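These are my notebook entries on a single chain. I set down what I looked up, entry by entry, with the cut-offs used.

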Amino acid sequence: MTPSYASYNEFKDQLLAAFQSNEERMNGESKTPLHQVRRAALHQFDLLGFPTIRHEEWKYSNVANLLKEAFDLDNTSTLTADDLTPLQIPNLDGNIITFVNGIFRSDLSRLVSPAEQVQITNFAEAAKSDPDYIGSHFARYADYQDNAFTALNTAMASDGVVIRVPANTTVEQPIILRFITDARERNIASQPRNLVIVGKNAEVTMAESFRTLGGRTSFVNVVTEIALERDARMQYYKVQDETENAYHIGTTQVNQLDNSHFYSATVTLNGNFVRNNLNIVLNGQHAEAFMYGLYMPNGRQHVDNHTLVDHAMPNSYSNELYKGILDDNGTGVFNGKIYVRPDAQKTNAYQSCKNVVLSSGASMNTKPQLEIYADDVKCSHGTTTGQLNDEALFYMQARGIPKDAARTLLLYAFVQDVVSQIKIQPIREYLEGVVAQKLGQ
């Protein structure tokens with residue numbers, strides 16, 4: 001049995017020791033610019049330490065329980081293709097890239113798109129074969145100075161995926177990143193690192209899926225950096241369906257240039273403790289970003305969504321809709337910030353967060369923020385948290401629909417604004433099934 005840590009700092013000390021051990025096994029790689037970034041990030045992580053509820057950005061999300069667990073940092077696994085069968089999404093086709101405990105598994109992956117459309121390489125291989133290219137993008141977008149978990153991921157970054165879409169190309173098949181945590185026999189912690197560069201006037205659809213096998217405790221700390229060149233277009237989905245013993249902290253950092261278009265949906269179905277950071281910099285004129293989110297914590301689950309849209313250039317547009325259904329003793333957090341810089345005139349930015357609380361034990365904390373330094377803008381935000389509409393429920397019962405069925409139908413209609421945005425049909429159908437099952441409980 002894996003023992004728990006006796007003190008807050010033991011986990012950090014274990015991570016620092018693991019870094020030093022890995023570094024000692026490196027040859028020439030330890031002198032590369034990429035690894036120097038790792039070392040700088042490790043130093044910053046050591047300075048920052050893990051956040052507590054005294055940090056404003058972590059006021060409602062306490063990581064203390066995570067730090068009571070002890071994790072095995074040996075990420076080897078005996079997982080086979082047969083073990084993945086229960087986790088498969090039916091009829092899902094495209095480029096399937098599988099990681100087990102954060103390590104790329106070629107035997108569980110398949111690439112179907114030709115190399116002239118997209119180049120997909122695992123991070124460990126790309127760091128060796130093309131260190132200059134990786135070094136020119138690695139940690140350029142995701143800032144590790146103020147975020148301990150991003151600093152930790154940057155320091156420990158060893159595997160993940162590097163995706164390069166050449167200019168003026170369309171990747172016809174979606175790219176599915178499948179992250180599996182094998183927690184059947186021991187507590188596992190992993191630090192996947194992803195880098196996606198979409199060239200000028202190129203287009204790609206990508207989804208990240210997170211699942212856990214086994215009942216032991218797992219901790220995934222993932223960072224995905226995305227850069228969209230001029231006129232690039234990307235659809236990005238993140239689906240989390242982990243176990244009741246899963247801790248997940250994820251950061252998606254997006255940088256957009258002129259006329260680029262970023263479209264995202266984040267769906268959290270299950271997990272013990274989930275924190276999603278989605279940060280977008282609209283760093284070009286006429287850039288557009290759309291963000292949708294759905295979370296459904298029940299039991300004692302906790303789901304925290306932090307979003308930041310930084311309008312850095314004029315004539316940009318952002319629109320955001322997050323929805324939550326909270327039951328039992330589930331807790332949720334939504335902290336969304338729109339930041340408009342002085343030069344970002346003619347900005348249009350909209351944000352909405354709506355929540356339904358189904359039980360007296362569930363709770364939701366919301367904090368919408370506008371910080372505007374330009375005067376010719378249109379910005380709005382709003383948030384609502386309430387119970388299911390009694391009048392609508394009564395109306396449906398009066399027409400012969402049983403109460404439980406009416407309740408499920410109303411909730412299902414509530415989440416459709418988000419689920420229907422997912423354009424990969426097998427994933428949307430899978431989500432509709434899981435959501436319906438969860439609402440029917």
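Entry 1, disulfides. I looked for disulfides, a disulfide being a pair of cysteine sulfur atoms within 2.5 Å, and found zero in the structure. The sulfur of cysteine 353 has its closest cysteine sulfur in cysteine 379, 18 Å away, which is too far for a bond. Cysteine 379 is likewise in no disulfide, its nearest cysteine sulfur being that of cysteine 353. I then checked accessibility, where buried means under 20% relative accessible area, exposed over 50%, and partly exposed in between (1.4 Å probe, protein chains only). Cysteine 353 is buried at 1%, whereas cysteine 379 is partly exposed at 23%.

Entry 2, provenance. I note that this is a predicted model, in which local features need pLDDT of at least 70 and side-chain atom pairs count only at pLDDT 80 or more, while totals for chains, interfaces and linings use all residues. Residues are numbered from 1 along each chain as its sequence is written, and side-chain values use heavy atoms, with hydrogens and water left out.

Entry 3, overall form. I recorded nine helices and 20 strands in the chain; these are DSSP runs numbered from the N terminus, helices being H or I of at least four residues and strands E of at least two. The radius of gyration is 21 Å, close to the 22 Å from the globule rule for 441 residues, so the chain is as compact as a globular protein of that length. That radius is taken over C-alpha atoms, and the rule is 2.2 Å times the number of residues to the power 0.38. Along the principal axes, the C-alpha atoms fill a box of roughly 75 × 55 × 45 Å. Of the 441 residues, 55% count as buried. I took contact to mean heavy atoms within 4.5 Å; among contacts between residues at least 6 apart in sequence, 85% join residues at least 24 apart.

Entry 4, the sheet. In which order do the ten strands of the open sheet run? I read E2-E1-E5-E8-E10-E12-E14-E16-E18-E20, with mixed pairing; two strands pair if DSSP finds at least two bridges between them. Strand E2 (103-104) and strand E20 (378-386) stand at the edges with a single partner strand each, so one side of each has no neighbour in the sheet. Inspecting one pair, I found E5 (residues 175-182) and E8 (residues 203-213) parallel over eight bridges, with isoleucine 175 opposite methionine 206 in E8.

Entry 5, helices across the sheet. Helix H8 (residues 403-419) lies across E14 (288-295), E16 (317-326) and E18 (348-357), at about 150° to E16. Helix H9 (residues 425-439) lies across E5, E8, E10 (233-241), E12 (261-270), E14 and E16, at about 35° to E12. Axes are lines fitted to C-alpha atoms, for helices over the stretch in contact, and angles run from 0 to 180 degrees between N-to-C directions.

Entry 6, two residues. I looked up alanine 227, which is in strand E9 (residues 218-228) and is buried at 3% relative accessibility. Beyond its neighbours within four places in sequence, alanine 227 contacts Tyr141, Val196, Ile197, Val198 and Asn255. Its C-alpha is 8.5 Å from that of glutamine 253, 26 residues away in sequence. Asparagine 279, in strand E13 (residues 273-282), is buried at 17%. With neighbours within four places again left aside, asparagine 279 contacts Thr251, Thr252, Gln253, Val254 and Leu308.
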